[in-house]
Amino acid sequence: MRFALRAKSILTLGGEAPARGMPALNAPLRPLHNGILRIRGALLEAVETYPAFKKGGESLPVLDLGEVTLAPGFVNCHCHLELSHLAGKTVRGQGFVPWLKSIADLTAETPSPEDLRAAVASAAAQLTAGHTVHVGDVGSRAPLAVAEVLAQGDPPENGGKATESGREFLPPPQRDSLRDRLSPAPPALSATHFLEAFGFAQPSSPLPPALAAGGHAPPAAATLPEYLYPSCAISAHSLYSTCAATLQAVRGWCRENKRPFSLHLAESFEETLCLREGRGALYQFLQARLLPADWRAPGLAPTPFAARLGLLGPDTLAIHCTQCEAKDISTLQQNGVSCCLCPRSNAFIGTGRAPALDMADAGILLCLGTDGLSSNQDLDMGREMRAAQKIWGFSPQAVLRMATLNGAHALGLSRKLGSLEPGKLAAVSLISDC
Ligand SMILES: [Zn+2]
């Protein structure tokens, strides 16, 4: 199926490298006025002006979206869809450990499969309503349920590829009119499924070799059908909750298998206190529940500890980083680490603000994530972008690049997403204030 979309203005971000440093983040956006996206199936075939399209003489159906501005679809680099049923139930604004306790208490009860799927479906609808086209989703309990909800109507025999069919990547107001013209629509959202390793136990469960990560992947990974493997990565929860051997095994697996390696890093003051000095509220919480008797604090803040374990590299995506100091920023930059800012999650829990301007100045690649509904009121990337503007004073063009080009790069998806260029997915967002 071929067709064309017309819009008053298209911010393609074409030809741009991922934006590192303030000058690149703030560079003018160079809108394509009276623009056309020529689409074949899931992919962009051409990006051109309407006069050039007319001159070319192609008789394609044109869907004129009118006086709107299109941009690349958003890439949400950090979410926990399997915790969507906890929306509105967790402790808010009281700091990290009270929030963690509330999560631990709430997750002690497993939701019914129906409730979980309904909550994930509702969360996924929030993502697509906010023009997110790809989500980096972390899960350890119910990755199959999440994948199945996201891939609704996407039969395994398609190898999951139907999720890339561009039609549903269109912003919501246009979907119905497109549906009138096109055949039945495929699912809306693609995902990188980060299967999260956690804890200090020896690896035990037999896992599919393609997802084993030395046996350290969560047992639930064994439930995943093979067609989902290409969209999976293994991640590690954090430095304080996961043993060093597991962290290193997972990192090694990601490197060997060319997948992004993601972990929560330097999220709270209590994390630093736990790792550096082996004390504090988080340490006490973990000691009672998780830490082995022989656990000793490494005596380092999170970032130098991660560096010492060999966890930092260009394929590492560090989530949060609210507690990073100047020397940590330097370490992250020297190792080429990407950082995912989750400003509304940090505000929700009460863990402070990442030094995002200093990180940007240092040339660290910054992207954005909503985090899950267990620590955010919604999954709207537009609101995450506006929060980043308000909190740090980033420009509209800077947050747009974080939410598109940079996010795609951080998840290793630059060839498919992040900008509107021929050969990439026809995945767009509708924006109003850039
Ligand atoms: Zn998280």
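Two strands pair if DSSP finds at least two bridges between them. Strands (E, at least two residues) and helices (H or I, at least four) are DSSP runs, numbered from the N terminus. This is a predicted model: local features need pLDDT of at least 70, side-chain atom pairs count only at pLDDT 80 or more, and totals for chains, interfaces and linings use all residues. Residues are numbered from 1 along each chain as its sequence is written.

**Exercise 1. Describe the pairing of strand S2 with strand S3.**

Step 1. Find strand S2 at residues 32-40 and strand S3 at residues 43-49. They run antiparallel, joined by 6 bridges.
Step 2. Take Arg40. Its bridge partner in S3 is Leu43.
Step 3. Look at the turn. The hairpin has 2 residues between the strands, and Gly41 takes a positive phi near 60°.

**Exercise 2. Set out the domains and their contact.**

Step 1. Split the protein chain into domain 1 (2-64) and domain 2 (73-418). These bounds come from an automatic or database domain assignment.
Step 2. Count the contact: 18 residues from domain 1 and 20 residues from domain 2. Two residues are in contact if their C-beta atoms, placed from the backbone, lie within 7 Å.
Step 3. Look at the side of domain 1 that touches domain 2. Helix H1 (residues 22-26) gives the largest share, 3 residues.
Step 4. Place the centres. The C-alpha centres of the two domains lie 30 Å apart.

**Exercise 3. Trace the open sheet of 8 strands.**

Step 1. Read the order: S6-S7-S8-S9-S10-S11-S12-S13, with parallel pairing.
Step 2. Mark the edges. Strand S6 (74-79) and strand S13 (365-368) each pair on one side only.
Step 3. Add the twist, which averages 25° from one strand to the next.
Step 4. Check one pair. Strand S12 (residues 338-341) and S13 run parallel, joined by 4 bridges. Cys340 has Cys367 of S13 as its bridge partner.
Step 5. Add helix H14 (residues 381-392). It packs on the sheet, touching S6, strand S7 (132-139), S12 and S13, and makes about 130° with S13. Axes are lines fitted to C-alpha atoms, for helices over the stretch in contact; angles run from 0 to 180 degrees between N-to-C directions.

**Exercise 4. Which stretch has pLDDT below 50?**

Step 1. Start with the whole chain. The average pLDDT (the predictor's confidence in each residue, from 0 to 100) is 90, and 90% of the residues score at least 70.
Step 2. Name the stretch: residues 153-187. Beyond near neighbours in sequence, this stretch has 64 contacts in the model.
Step 3. Take care here. Where pLDDT is low, the predicted coordinates should not be read in detail.
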